[in-house]
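Open the model in your viewer and keep the selection tool at hand. The tour goes stop by stop.

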Amino acid sequence: METILTVSGLHKKFRKVHAVNNVSFEIQKGNVYGILGPNGSGKSTTLGIILNVVNKTEGSYSWFGGKAQTHEALKKVGAIIERPNFYPYMTAYDNLKLVCKIKGTPLTKIQEKLELVGLWERKDSKFKTFSLGMKQRLAIASALLNDPEILILDEPTNGLDPQGIRQIRDLITQIAAQGTTILLASHLLDEVEKVCTHAVVLRKGVILYTGTVQGMISNEGFFELASDDNDKLTALLSAHAAVDKLEMTDGKIMVYLKQPLEAGALNHYLFTNGICLNHLVKRTHSLEEEFIKLTGNQN
């Protein structure tokens with residue numbers, strides 16, 4: 001799989017603040033990556049460094065396997081790292097026309113990108129009349145004009161109402177489905193869980209996790225069980241090789257696993273040993289639970 005971006009041992013210090021502390025990760029083509037962390041975790045600083053607008057203190061990064069210098073590589077990158085900033089009294093079309101001239105992109109791309117973000121019918125409306133969500137979608141259209149290989153978004157749904165958030169999430173999914181690699185920074189767990197395939201979790205500039213979103217939340221999960229004889233049920237569960245630990249909550253037994261176990265196999269094991277369940281639910285840990293677990297152990 002082609003590597004779009006490699007970040008190795010990146011550091012950024014602002015006097016006494018170590019904003020980015022030994023950050024390393026890779027972005028592979030065709031995935032949607034989320035840099036996840038609370039405000040002040042170093043997400044935006046990391047994006048600023050790789051986009052060559054913030055100077056690094058130490059470490060390195062390379063685009064597209066280091067085959068091109070950063071300024072050349074960035075021509076294949078689309079990015080929105082600040083609030084959308086267009087001329088308020090110009091129309092959406094004319095604003096994008098100006099961007100095309102700056103980027104050397106054919107004007108024929110304007111209709112294609114405005115249709116993609118759902119703004120073609122508002123092409124002749126002035127930017128100042130747009131809602132915040134429409135402004136964000138216009139900014140995404142602008143970043144896509146040169147058909148970049150990767151789109152970088154910093155807090156893309158910040159300040160939007162629920163409808164605007166839904167529209168941006170759907171748009172990100174649609175863009176990714178067309179083959180564009182996406183890297184977004186967010187403090188919203190729900191956002192990352194719904195649209196990202198991979199996550200980099202940061203806290204106070206330090207990476208706590210890097211890998212797939214599913215890998216972060218799909219530890220073996222847990223069962224929620226109950227029967228008419230919970231004492232016998234507990235004894236049988238404790239003897240099962242796949243069971244890690246048990247907890248009793250509101251009359252139900254939480255069964256945490258250390259290896260894969262399907263609900264049917266567990267039910268069969270208990271039934272053949274004389275237990276009929278009256279409650280069986282298999283659950284997975286949410287990204288929120290895993291995130292709190294990770295960040296809660298950090299001072």
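Which strands does helix α9 lie across, and at about what angle does α9 run to β10? Select residues 230-238 to find α9, then show β10, β11, β12 (252-257) and β13: α9 lies across these four and runs at about 145 degrees to β10. Helices (H or I, at least four residues) and strands (E, at least two) are DSSP runs, numbered from the N terminus. Axes are lines fitted to C-alpha atoms, for helices over the stretch in contact, and angles run from 0 to 180 degrees between N-to-C directions. Contact means heavy atoms within 4.5 Å.

Before moving on, note that this is a predicted model, in which local features need pLDDT of at least 70 and side-chain atom pairs count only at pLDDT 80 or more, while totals for chains, interfaces and linings use all residues. Residues are numbered from 1 along each chain as its sequence is written, and side-chain values use heavy atoms, with hydrogens and water left out.

**Whole chain**

Zoom out. The chain has eleven helices and 13 strands. Its C-alpha atoms fill a box of roughly 75 × 45 × 35 Å along the principal axes. Of the 299 residues, 46% are buried. Buried means under 20% relative accessible area, exposed over 50%, partly exposed in between (1.4 Å probe, protein chains only). Among contacts with a separation of 6 or more, 68% are between residues 24 or more positions apart.

**The sheet under α9**

Return to the strands beneath your first selection. They form an open sheet of four, ordered β11-β12-β10-β13, with antiparallel pairing. The edges are β11 (243-249) and β13 (277-283); each has a single partner strand, so one side of each lacks a neighbour in the sheet. From one strand to the next, the twist averages 20 degrees. Two strands pair if DSSP finds at least two bridges between them. Now pick β10 (residues 222-227): six bridges link β10 and β13 in the antiparallel sense. Label Phe-223 and look in β13 for its bridge partner, Lys-282.

**The three-stranded sheet**

Go to the second antiparallel sheet. This open sheet has three strands in the order β2-β1-β4. Here β2 (17-28) and β4 (58-63) are the edges, each with a single partner strand, so one side of each has no neighbour in the sheet. The twist averages 15 degrees from one strand to the next. β1 and β2 run antiparallel, joined by nine bridges. Leu-10 stands opposite Val-23 in β2. Add residues 43-50: this is helix α1, which lies across β1, β2 and β4 at about 120 degrees to β1.

Stay on β1 (residues 3-14) and select His-11. His-11 counts as buried because its relative accessibility is 13%. Its side chain reaches the backbone nitrogen of Asn-22 at 3.4 Å. Show the neighbours too: leaving out residues up to four places away in sequence, His-11 touches His-18, Val-20, Asn-21, Asn-22, Lys-56, Thr-57 and Glu-58.

**Strand β6 and its partners**

Select residues 150-154. This is β6, and five of its five residues are buried. Ile-150, Ile-152 and Asp-154 point one way, Leu-151 and Leu-153 the other. Two parallel partners come next. Strand β5 (residues 77-80) is joined to β6 by four bridges, with Val-77 partnered by Ile-150. Strand β7 (residues 181-186) pairs with β6 over five bridges, and Asp-154 has Ala-185 as its partner in β7.

Add helix α6 (residues 162-177). Together, β6, α6 and β7 make a right-handed β-α-β unit. Right-handed means that, with the strands pointing away from the viewer, the path from the first strand over the helix to the second runs clockwise.

**Inside α6**

Pick Ile-172 in helix α6. Ile-172 is buried, at a relative accessible area of 1%. Beyond its neighbours within four places in sequence, Ile-172 contacts Val-32, Leu-153, Pro-156, Ile-182, Leu-184 and Val-195. Draw a distance to Ile-140: the two C-alpha atoms are 9.4 Å apart, and the residues are 32 apart along the chain.

**Last stop: α4**

Select residues 108-116. In α4, the buried residues are Lys-109, Ile-110, Lys-113, Leu-114 and Leu-116. They cover an arc of only 155 degrees around the axis, which puts them on the same side of α4. The arc is that of the directions from the helix axis to the C-beta atoms. Their cover includes α3 (92-103), α5 (132-143) and α6. Finish just after α4, at Gly-118, with its positive phi of about 75 degrees.

Technical notes: Polar contact = N/O pair within 3.5 Å; in protein donor to acceptor, adjacent residues only side chain to side chain.
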